[in-house]
Amino acid sequence: MAYLCWPKLGNSTTVLNCKCWKSNSCKPFGFQVVTKFPTTLWIKRYQKRIWLCTMDHQQPNPPPLALDRIDIYDTTLRDGSQGENISFTVIDKLRIAKTMDEFGVQYIEGGWPGSNPKDVEFFKRAKKELHLGHAKLVAFGSTRRKGIDCQDDANLRLLTEAETPTVTIVAKSCEKQVVKVLNVSLEENLAMIEESVRYLKEHNKEVMVDAEHFFDGYKQNAAYALACLDAAIRGGADVLVLCDTNGGCLPWEIYETTRSVVSHFGSHQRIGIHCHNDMELAVSNSLSAVYAGASLVQGTMNGYGERTGNANLVSIIPTLQLKMNYNVVGSKLSSLTELSRWMDEVTNLPHQPSRPYVGDCAFAHKGGLHVAAILKDEQSYQHIDPALVGNRRRMLISELSGRGNIVDKMKQMRLVTDSQLQDPEWKRRIQGILEQVKSLENKGYTFEGAEASIELMIRRTLNNYRSPFELLDFTVLTGNKRVYYGESLSGDNIVTDGVISPETFRNESITQAIVKLGILETSNGACPIERTRCFEAAEGNGPLNAVNLALKKALVRVHAPLEHVNLQDYKVRILDNESATAAITRVMVEFYDAETKRVWSTVCAHSNIIVASVQALMDGFEYALLQRLPACFIHSEDESSTKSPVLL
């Protein structure tokens with residue numbers, strides 16, 4: 001495919017009345033070709049209007065290779081670890097390698113032997129401890145240094161001593177990089193590539209060559225970039241990996257260049273692609289290379305990597321398998337969401353909810369019209385079934401919601417059946433919940449990230465639900481107190497009000513909380529059998545911490561499972577800055593149950609930040625007990641026709 005420009009368009013496809021055919025020139029029709037990608041889609045401008053043209057017949061230029069498989073090359077342990085705030089221990093690297101093998105990738109790059117003590121230890125332990133059942137472990141390095149024979153090069157020696165079946169070496173393929181960065185002649189660089197590959201092949205290694213800056217080099221001097229690949233082939237390279245090292249190429253540039261390389265070497269030569277994400281195009285560029293004939297894709301889990309990251313395998317793998325019909329990891333694809341989140345846990349990074357395929361928001365629907373359509377046909381606003389990648393559909397509840405959002409949530413909670421939805425009483429109840437949501441969001445609440453609060457709101461409208469406890473009263477005292485620490489250990493005199501004293505005093509803040517609760521008592525962990533009142537007090541390093549400690553002291557005595565529930569995050573937002581200290585404050589509290597591994601969030605908005613915090617805290621504990629002992633706080637509808645007081 002050639003790049004076309006006005007007026008010398010040459011042989012191209014033209015548009016007339018939205019139909020396509022071949023013509024020697026577009027000029028008679030006044031068309032200007034702006035760009036095109038792929039060969040089945042053309043974008044054209046005519047009389048200030050944009051036209052899209054698709055070929056109705058078989059595409060004229062099919063990819064040169066009919067590939068039967070695509071190999072996935074995971075470089076999380078090396079390239080991914082170069083991302084900011086990412087540091088793997090040796091144990092982490094061994095665990096990740098084993099997990100990626102079980103997931104079904106074909107290659108796992110373990111690191112650069114000899115570059116640091118951690119990688120030295122990893123490859124040493126991998127020989128004894130890492131037993132891969134599917135993937136090949138890869139050691140990464142570079143070509144020999146200039147002026148040194150391969151057998152004398154420490155880097156190549158360490159690559160062979162790593163005893164991995166596959167080795168990848170990075171080689172300069174850009175004329176400018178060779179001269180200015182590597183500081184060698186163009187001829188010497190070619191010799192370094194060829195001799196290094198031959199040396200590794202003599203040690204019975206499968207050899208891949210990462211042609212660094214290849215696409216930039218191809219733009220500057222295509223002949224030399226290809227000469228670097230030719231040198232690798234003469235040495236016996238198994239795979240040529242084309243690298244968009246700076247992440248600055250566009251998808252059609254990747255396609256054109258990769259296709260040229262594939263055509264140059266023929267269908268027998270394996271071509272790989274390695275993209276960085278500096279323009280948010282690494283995934284698109286990788287897929288473009290596959291469309292052009294590449295058969296190996298390098299990338300990292302969750303797109304970890306230097307600068308803005310590498311090509312994200314979490315997006316590439318399902319796209320290859322579900323959209324391009326390559327059997328990449330088979331049935332293991334359904335564990336993709338779990339794997340992505342596990343990787344975030346290992347790297348100690350927050351899981352990004354907006355990630356395609358695996359994020360919490362990937363299949364979340366908010367607008368009432370969208371939800372109504374989804375309930376009729378899931379494909380109306382979803383490109384795949386979330387279960388294929390181990391994710392789930394979510395209906396968000398907000399001021400934009402319709403009845404369908406509430407109904408779907410209640411069905412998930414198994415609170416209503418299709419037949420009950422026809423009951424006028426249930427219709428009024430659902431409408432009441434919807435109006436309450438809209439009213440509270442108008443006051444500053446937001447329920448999208450606080451599904452626990454929504455579930456409690458729904459349950460509290462039911463006649464058969466009773467809260468496990470009620471906060472009857474609470475008091476928070478905070479201030480400074482003067483603490484005496486005795487004589488100064490350093491012997492320095494302290495000046496206080498003009499009086500010299502060797503004694504040390506400090507002002508320290510202190511917060512105390514007193515809570516009064518009405519609790520449904522339990523017997524030996526069974527369901528509640530009676531109601532009781534209790535008082536508790538605690539000191540903390542702030543109001544929420546003090547109230548949290550006092551509440552847990554009171555509740556854990558009766559409801560032991562709450563001992564495992566902890567505050568994981570606490571977010572505060574001032575909603576109307578112009579009101580200054582009288583502003584409404586929204587508080588969101590995230591909880592974590594260390595025993596069940598569940599995470600949930602609650603929300604409250606109030607002009608008093610402490611009141612908002614305490615209410616969100618109370619809802620979080622109530623939700624925890626509802627998950628642990630659901631039957632204990634729900635009785636049959638016919639026990640009471642009206643909703644009775646919860647407690648005392």
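1. Aromatic pairs. The chain holds 9 aromatic pairs. This is a predicted model. One cluster formed by ring pairs takes in F591, W600, F621 and Y623.

2. Charges over rings. Two basic side chains are placed against phenylalanine rings. The charged end of R78 sits over the ring of F140, with 3.6 Å to the ring centre. K93 lies over the face of F122, and here the distance to the ring centre is 5.0 Å.

3. Overall make-up. The chain has 648 residues, of which 49% count as buried. Its secondary structure consists of 17 helices and 23 strands. Taking contacts between residues at least 6 apart in sequence, 67% join residues at least 24 apart. The exposed area of the chain is about 31200 Å², and carbon and sulfur atoms supply 50% of that area.

4. Nonpolar cores. The largest nonpolar core has 86 residues, and F214, L229 and L320 have the most contacts inside it. Helix α7, residues 222-235, gives the most to this core, with 7 residues. A second core, separate from that one, has 35 residues, V589, C604, A616 and A624 among them.

5. F214. What does F214 touch, once residues up to four places away in sequence are set aside? Its partners are S173, A225, L226, L229, L242, C243, T257 and V261. Of these, L229 is also named with F214 among the residues with the most contacts inside the largest core.

6. L226. This residue belongs to helix α7. L226 counts as buried because its relative accessibility is 15%, and the cut-off for buried is under 20%. Apart from residues up to four places away in sequence, L226 touches F214, Y218, V261, H264 and F265. In the case of F265, the two residues are 39 apart along the chain, and their C-alpha atoms are separated by 9.7 Å. The contact with F214 appears in the list for that residue too, as does V261.

7. N155. Is N155 buried or exposed? It counts as buried, because its relative accessibility is 14%. N155 is placed in helix α3, which spans residues 154-161. Beyond its neighbours within four places in sequence, N155 is in contact with W112, G141, S142 and T143. With W112 there is also a polar contact between the side chains, at 3.0 Å. G141 is 14 residues from N155 in sequence, and the C-alpha atoms of the two are 6.7 Å apart.

8. H276. Where in the chain is H276 placed? H276 is in the loop between strand β12 (270-275) and helix α9 (282-292). This loop residue counts as buried because its relative accessibility is 6%, set against a cut-off of under 20%. The side chains of H276 and H274 are joined by a polar contact of 3.1 Å. With neighbours within four places in sequence left aside, H276 is in contact with D79, D244, T245, G247, A282, R307, G309 and N310.

9. Points to check on the structure. For N155, look at the side-chain polar contact with W112; for H276, look at the one with H274. For the core, start from F214, L229 and L320, then follow helix α7. The ring cluster can be viewed through F591, W600, F621 and Y623.

How values were computed
Residues numbered from 1 in each chain as written. Predicted model: local features only at pLDDT ≥ 70, side-chain atom pairs only at ≥ 80, totals over all residues. Heavy atoms only, no water. Helix = DSSP H or I, 4+ residues; strand = E, 2+ residues; numbered from the N terminus. Buried < 20%, exposed > 50% of the residue type's maximum accessible area, 1.4 Å probe, protein only. Contact = heavy atoms within 4.5 Å. Polar contact = N/O pair within 3.5 Å; in protein donor to acceptor, adjacent residues only side chain to side chain. Phe/Tyr/Trp six-rings, centres within 6.5 Å; stacked < 30°, edge-to-face > 60°. Lys NZ or Arg CZ within 6 Å of the ring centre and 35° of its normal. Areas by Shrake-Rupley, 256 points an atom, 1.4 Å probe, with all protein chains shown as cover. Core = buried A, V, L, I, M, F, W, Y, C linked by side-chain atoms within 4.5 Å.
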